[in-house]
Each structure stands twice: as structure tokens, then as C-alpha cells.
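Q: Please examine one part of this model closely: a pocket, the elements that line it, and the way those elements pack against each other.

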Amino acid sequence: MRHIVVDTGGTRPHGGVAVGRGLLARLGELATACVRPGVCVLVADGNVAAAGHAAPVEASLRAAGFQPTVVTLPAGEAAKDIRQVERLWGEFGAAGLDRSGVVVALGGGAASDVAGFAAATWMRGVPWIVAPTTLLAMADASVGGKTAVNLPAGKNLAGTVHMPVLVVADVATLATLPARETRSGFAEIVKCAVLADRSRIAWLRAAAPELLTGDCEAIVDLVAFSVEIKAAHVRGDADDTQGVRALLNLGHTTAHAIEAAAGYGAVLHGEAVAVGLVVAARLAGRRGLCDESLENEVVAALEACGLPVRLPAELDAVAVVARTRSDKKRVAGRTRMVLPLRVSGAALHDVADDELLAALS
């Protein structure tokens with residue numbers, strides 16, 4: 001097991017991120033280091049529960065002295081609906097959950113988003129633990145406390161930052177994922193490589209065939225790498241007000257617009273991020289912010305991981321650009337995008353609609 005410390009600089013302690021194999025059966029034991037055993041609501045993605053992952057978590061919680069109530073959510077983006085949050089509030093009340101209790105989110109990024117949002121808004125905030133079961137969630141969504149639901153106007157527009165007290169990433173769950181879901185997760189890892197370690201881009205391209213077979217040791221290393229990068233950006237900017245954490249949105253302005261234009265769930269988040277990363281590298285190269293060769297490197301790594309590198313044929317680029325106008329980083333009517341810099345890192349830049357349209361096209 002690898003343990004990564006996450007220093008948020010906040011008043012609520014963070015138990016860090018545990019990454020390894022076979023950890024779901026130990027979740028209750030690990031949780032006792034962060035919260036006192038008591039009332040617990042286990043919120044699980046329906047597909048994840050059906051795959052048998054909820055049972056060992058519930059058993060480990062009971063063995064550690066918790067009293068869990070299990071609630072299942074619709075799979076994927078369908079869970080990120082305010083009606084599901086309202087349903088969870090009702091379940092919390094029925095279970096007798098108060099501030100001495102804990103919510104455990106089991107599933108991908110959508111499950112953690114909605115369960116975390118419900119936990120953040122129940123009694124103005126109760127502790128919660130995340131047990132991500134997808135590579136995408138392990139590498140990104142489970143770390144940093146961002147929670148949200150989707151609205152017709154755009155993705156993640158209603159949300160808050162509510163730090164989990166613990167993240168438990170059991171890579172054994174990846175064996176039950178559809179191949180498309182596994183591939184989707186590599187987009188966030190490529191993003192972290194662009195932000196902090198460009199040498200990893202070529203390594204990912206070369207290692208992709210082995211990684212896609214589910215080599216656990218290599219996956220643990222990649223998840224730990226991504227968590228460390230995200231933790232470094234979250235540190236000191238947990239509430240996303242200083243501009244440092246915003247850099248983690250590399251590729252996401254375009255990605256969120258693609259997801260909204262396609263209809264939530266039609267394009268997986270990681271697939272949309274992959275296209276967004278190519279667009280960001282293309283824009284940065286054309287502006288001279290980074291070498292134009294970065295776009296080719298990113299494309300090669302994403303393609304090796306089985307990810308798309310261009311806008312889906314059924315989507316209109318004009319409609320995607322229009323969707324960016326709902327992006328949370330937009331300021332005074334200007335679209336702001338995270339663009340990579342020459343050696344490493346990234347920065348926020350204003351991007352005109354016609355410039356983004358040209359890059360998408």
C-alpha cells in the first residue's frame with residue numbers, strides 16, 4: 001500500500017490517500033484512524049454494487065464498529081442530478097446521520113461528486129470518505145474535495161469544495177471495469193504528465209500496451225504519481241481561489257463543453273478530456289507558449305492509450321464553443337483556458353471564440 005499525504009491547509013484533517021490492492025476489505029479499519037465508528041451511510045454506484053464491491057466495504061465497516069446503511073445510485077452521470085441529492089438527504093435523515101457520522105462514497109467520479117455534495121450540504125457538512133473504483137476517479141476526482149451536480153446549463157455548475165477525511169483507492173476494482181472506462185482514466189494521467197513531468201508522456205506511450213492489461217504494480221505507481229501532482233496543486237489553494245488549483249483544469253474547458261453538447265454520458269469524461277488536452281496543446285503551440293511538438297507528443301500518448309484526439313464527428317464545433325460560455329473560469333464575458341507552457345506547468349489565458357473554433361476544427 002502506498003500512502004500519499006494531502007495537506008489542504010484547512011481546519012478539517014485529511015487522512016490522505018491510500019493506494020494499493022485489496023484495500024476495500026480494509027476500509028473500515030483504515031477509516032477508524034480518521035473518524036470514530038458510528039452511523040455511516042455507504043453511497044454506492046449501482047453498477048459497482050452489482051459487481052460485488054459494496055459487500056466487502058459494508059462488512060469491513062461493520063467489523064470496525066460502524067453502523068452502515070447502503071444506498072445505491074444510478075450509474076455514471078445520471079447520478080449527478082439534484083434529485084439524487086435530495087434523495088440522499090432523505091436517506092441521511094432516515095439513517096440518523098449527524099455530524100458524528102460519516103458518508104462513504106463508492107464508485108467513479110460521478111458517485112463521489114453527488115455523495116460528496118450531499119455530505120457537504122447535510123447539516124452544513126458531515127465527514128466523508130471516498131473509495132474510487134475507476135482509474136479516472138483514482139487519478140483525479142477523488143482527490144481535492146470538489147463536489148458537484150450537473151445542470152441543463154452546464155457541467156458541475158452547482159457544487160462546493162468539501163475535503164474527504166480519507167481516500168481509499170483499491171486498484172483491484174479496475175479488473176471489473178469495461179475497457180472503455182479504463183482507457184478513459186489515462187487522460188487525467190496524461191494531463192498530470194503535461195503539467196509536471198513531460199518525460200512521463202513518452203513513457204506512457206511506450207508502456208500503454210502493458211498498462212491496458214491492468215498491471216497492478218504499474219497502475220499503483222501511476223495513480224500515486226497523479227495524486228501527488230494534484231495534492232501539490234491543492235495545497236494552499238483548497239478552495240480554488242488563488243489560481244494554482246485552477247491549473248488542474250487543463251483540457252477541461254473544452255471537455256466539459258463537449259460533454260454538455262453531446263449529452264451527459266454520451267462521451268466519457270476522460271474521452272472529452274483527451275480531446276481537450278490536444279486542443280490546449282494546439283492553442284499553446286500556435287501562440288508560442290510551448291513547442292508545437294507537444295501536441296504531437298500528447299496525441300501519440302493518448303492514441304496509444306486508446307483515447308480520441310479529435311472532436312466526435314457528430315458534434316458541431318460551433319455548438320461546443322457556445323457551451324464554453326458556461327465555464328466556471330469565464331471572467332467578464334471572456335473564456336479563460338489553461339494552456340501548457342514551454343518546459344512544464346501551465347497558465348490561464350483568455351481565448352477568443354474564433355481561436356478556439358479554429359483549434360477544434
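A: Two helices are central to this account of the predicted model: α7 (179-196) and α9 (216-234) each contribute at least two residues to the lining of the second largest pocket. Of these contributions, that of α7 is the largest share of the lining, at three residues.

The pocket itself holds about 200 Å³ of space. Its lining comprises 16 residues, and those closest to the centre of the pocket are L174, A175, T182, T213 and G214. By residue class, the lining of the second largest pocket consists of eleven nonpolar, three polar and two charged residues.

The packing of the two helices may now be considered. Two packed helices are described by the angle between their axes and the distance between the axes. Here the axes of α7 and α9 come within 10 Å and cross at roughly 55°. Because angles from 65 to 115 degrees count as roughly perpendicular and those under 35 as roughly parallel, this crossing makes α7 oblique to α9. The handedness of the crossing between α7 and α9 is left-handed.

On the α7 side, the contact is formed by F186, I189, C192, A193, L195 and A196; α9 supplies I219, L222, F225, S226, I229 and H233. In composition, the contact of α7 with α9 has ten nonpolar residues, two polar ones and no charged residue. The lining of the second largest pocket, by contrast, includes two charged residues.

Technical notes:
Residues are numbered from 1 along each chain as its sequence is written. This is a predicted model: local features need pLDDT of at least 70, side-chain atom pairs count only at pLDDT 80 or more; totals for chains, interfaces and linings use all residues. Side-chain values use heavy atoms; hydrogens and water are left out. On a 1 Å grid over the protein atoms alone, a cavity is a set of points where a 1.4 Å probe fits but cannot get out, and a pocket is an open set with protein on both sides within 12 Å along at least five of seven lines; lining residues have an atom within 4 Å of a point. Grid points are joined across faces, edges and corners, and a volume is the space filled by probe spheres set on the points. Helices (H or I, at least four residues) and strands (E, at least two) are DSSP runs, numbered from the N terminus. Ala, Val, Leu, Ile, Met, Phe, Trp, Tyr, Cys and Pro count as nonpolar, Asp, Glu, Lys and Arg as charged, and the others, Gly among them, as polar. Axes are lines fitted to C-alpha atoms, for helices over the stretch in contact, and angles run from 0 to 180 degrees between N-to-C directions. Angles under 35 degrees count as roughly parallel, over 145 as roughly antiparallel, 65 to 115 as roughly perpendicular and the rest as oblique. A crossing is left-handed if the near helix is turned anticlockwise from the far one by less than a right angle, and right-handed if clockwise. Contact means heavy atoms within 4.5 Å.
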